[in-house]
Amino acid sequence: MSVRNARRNAWNVVGVAIFVVMIFPVFWMVSTAFKSDDQINALTPTWFPLHPTLKHFRDALAKPYFWDDVKNSVIVVLVTVTIAMVLAFLAAVALSKYRFTGRKLFIVLVIGVQMLPGAGLIIPLYVVLARYHEVNTLTGVILVYLTGVLPFSVWTLPGFILGIPKDLEEAAMVDGSTRLGAFARILLPLVAPGLVATSVFAFITSWNEYIFARVLLNDGSKQTITVWLSYFLGTSRETDWGALMAASTLTAIPVVVFFLLIQRRIAFGLTAGAVRG
Amino acid sequence: MASAAETTPKWSRRRRFTWRRAGQGAVPYALVAPVVVVMGAILGYPLYSLVRIALDRYGLTELIQHKGVYIGLKNFGSVLHDSVFWHTLLRTIVFAATNVGLTMVIGTLLALLLVRISTWVRVLLTAGLVLVWSMPPVVAVQVWNWMINSENGVLNYILTELHFGNYFQHNWMQTPLSQLGMVTTLIVWGALPFVVITVYAALSQVPRELVEAAEIDGARSWRVFLDVTVPVITPVLLILTSLSILWDFGVFTQAYLLIGQPHITSANYLMGIYLFEQGYVNANFGLGAAISILMLVIVAAMSVVYVRRMLRIGDVT
């Protein structure tokens, strides 16, 4: 046992301890969701569910508007991501394959827009959408989400396009393809992983969004799942913690799944990818 | 082609050439146009309206009539003469500085820890961090509500068991300081994964040979750290710090939901919540617009550093 090994073991212990602290809230959420009410309401908490039950999940699903609001979230997210990807991909091609006057200004605007705090945009977006009768509609929310997702995608995608070897694209053009043909046949399939990563990121941002959905959507049946979850407790004095934790778990599951899918690419997209753009 | 070029007059050839060039030159603009048009409509126009509304008396009546009543700079005057605005600004700056400081220091330390631990611990910790990263803010708020509730929250139980004092039925939502403190724990917890993983990625860019060469030369480990490691990760730390400042200055969801709307008062306002309450909840959109503009100006001033830095990196390629 060298000093080096002993030191490494000490760091390992610290690492595991930090893992436990960081993961605890997530563990506590899932653990509570499966506990019986008696166990949840006991004054002295117990770590694991003694008699795991699905009752809280059933209660959460039976709450009014759960399925309506899940459906709304899915619609909003899918439409936002689709529009953002198509438009952002075109702009990303321009940024990565062409030098043109105004390119720099465009990039500055794309970065600058991402810096605007969402809270600062509540008033103008609300007033303008009210003017066009898009308050309390999913269209309004989609438009608002595009203001965030679009610049982010324009900023991230060029990094993935630049990663494609120029020779491949030139080879396609020598073969008699037009520039457009070269893009469609060679570029698109190669960029697909980047498009997937960016759109999953856009998916997560829109799924998690809260303020604008809260401000723009008033009817229970027209809200998104995050707003539904934020109203879950209601005004009752008695808190149904078990159902709340089950509902929280359900809300988090899609994000967790997608996050784990693209985990490696996120770090790439935000550091290497973005930096190379 | 060559014979055609010989027979056509010089001017015509030149014109054909430029026409072709013009056609080619239009391609990037055509590709960028949809984004520009959409962003102009959904963001440019609202921002223009923001300035207009800020100069208007714009309440519920005006919202229904879609037209404000021009009152000049009165909204700005009443905001800037309101002590609540200045207290809120100061509170938000202190709050953001605390969050950014904690996130960056703890985040960098954890990234350095990741380098020093065995692979299996690193995989475990990274997986845990990614899981935390993926928690939606609203979900995290609800978990916090459950963990810190005064009746049988697990936080009070753990703190009491670990002999940090008697936290039996301690109410964390009693004072503004305690409320915002809890919001800070929530935000730092949620922000750490991104910082740790990004700084760790930067640390793995530090050339191994350089570190070893320095060690062979007899440099002490902290000297190696300062002279070799720090310069490599500084750009990443700067970007992360600027991003964190912007995000933490504009915090809304976590603070608004954790403190809870009934308990939101001018004593615990953060900038985002202040403008939400003044502008949206009280339906005084003109005043809210003025606060928004002040907030956006402050953020724009802060982000200049970040944007310039990103541009310089973009220029390298």
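**Figure 1. Overall make-up of chain B in the predicted model, whose secondary structure comes to 14 helices and 2 strands.** The radius of gyration of chain B is 27 Å, which lies well over the 20 Å that the globule rule gives for 317 residues, so chain B is more spread out than a compact globule. Taken along the principal axes, the C-alpha atoms of chain B fill a box of roughly 100 × 75 × 30 Å. Of the 317 residues of this chain, 39% count as buried, and among its contacts between residues at least 6 apart in sequence, 67% join residues at least 24 apart. The model is a predicted one, and local features are described here under the requirement of a pLDDT of at least 70.

**Figure 2. The two domains of chain B, with domain 1 spanning 2-54 and domain 2 spanning 83-316 in the domain assignment.** The centres of domain 1 and domain 2 of chain B, taken over C-alpha atoms, are separated by 43 Å. Contact between them involves 4 residues of domain 1 of chain B and 6 residues of domain 2 of chain B. On the side of domain 1 of chain B that touches domain 2 of chain B, the residues divide into 4 nonpolar, no polar and no charged.

**Figure 3. Close-up of V27(B), a residue of helix α2 (residues 10-54) of chain B.** V27(B) has 16 other C-beta atoms within 10 Å and is therefore partly exposed, given that a residue needs 20 or more such atoms to be buried and 12 or fewer to be exposed. The C-alpha atoms of V27(B) and S221(B) are separated by 54 Å, and these two residues are 194 residues apart along the chain.

**Figure 4. The contact between chain B and chain A, in which 76 residues of chain B meet 81 residues of chain A.** Helix α2(B) supplies 17 residues, the largest share of the side of chain B that touches chain A. By class, this side of chain B has 58 nonpolar, 17 polar and 1 charged residues.

**Figure 5. The crossing of helix α10 (residues 208-216) and helix α11 (residues 221-249) of chain B, whose axes come within 10 Å and cross at roughly 150°.** The crossing of α10(B) and α11(B) is right-handed. From α10(B), the contact is made by L210(B), V211(B), A214(B) and E215(B), and from α11(B) by V224(B), D227(B) and V228(B). Sorted by class, the contact of α10(B) with α11(B) has 5 nonpolar, no polar and 2 charged residues.

**Figure 6. Close-up of Q169(B), in the loop between α8 (154-161) and α9 (176-203) of chain B.** The phi of Q169(B) is near 55°, a positive value in a residue other than glycine. Most residues other than glycine have a negative phi. With 13 other C-beta atoms within 10 Å, Q169(B) is partly exposed.

**Figure 7. Overall make-up of chain A, which has 12 helices and 0 strands.** Of the 277 residues of chain A, 47% count as buried. Among the contacts in chain A with a separation of 6 or more, residues 24 or more positions apart account for 77%.

**Figure 8. The two domains of chain A, divided into domain 1 (3-53) and domain 2 (65-276).** In this chain, 7 residues of domain 1 are in contact with 6 residues of domain 2. The elements that give two or more residues to the side of domain 1 of chain A that touches domain 2 of chain A are α1 (3-33) and α2 (37-41) of chain A, and α1(A) gives the most, with 4 residues. By class, that side of domain 1 of chain A has 4 nonpolar, 1 polar and 2 charged residues.

**Figure 9. Helix α6 (residues 122-131) of chain A, a mostly covered helix in which 8 of its 10 residues are buried.** The buried residues of α6(A) are I122(A), I123(A), P124(A), L125(A), Y126(A), V127(A), V128(A) and L129(A). Just after α6(A), H133(A) takes a positive phi of about 55°.

**Figure 10. Close-up of Y65(A), in the loop between α3 (55-62) and α4 (66-97) of chain A.** Although Y65(A) is not a glycine, it has a positive phi of about 75°. Y65(A) counts as partly exposed because it has 18 C-beta neighbours inside 10 Å.

Definitions and conventions
Residues numbered from 1 in each chain as written. Chains lettered and ligands numbered in written order. Predicted model: local features only at pLDDT ≥ 70, side-chain atom pairs only at ≥ 80, totals over all residues. Domains from an automatic or database assignment. Contact = placed C-beta atoms within 7 Å. Nonpolar A, V, L, I, M, F, W, Y, C, P; charged D, E, K, R; others polar. Rg over C-alpha atoms; globule rule 2.2 N^0.38 Å. Axes fitted to C-alpha atoms, helices over the stretch in contact; angles between N-to-C directions. Left-handed = near helix turned anticlockwise from the far one by under 90°.
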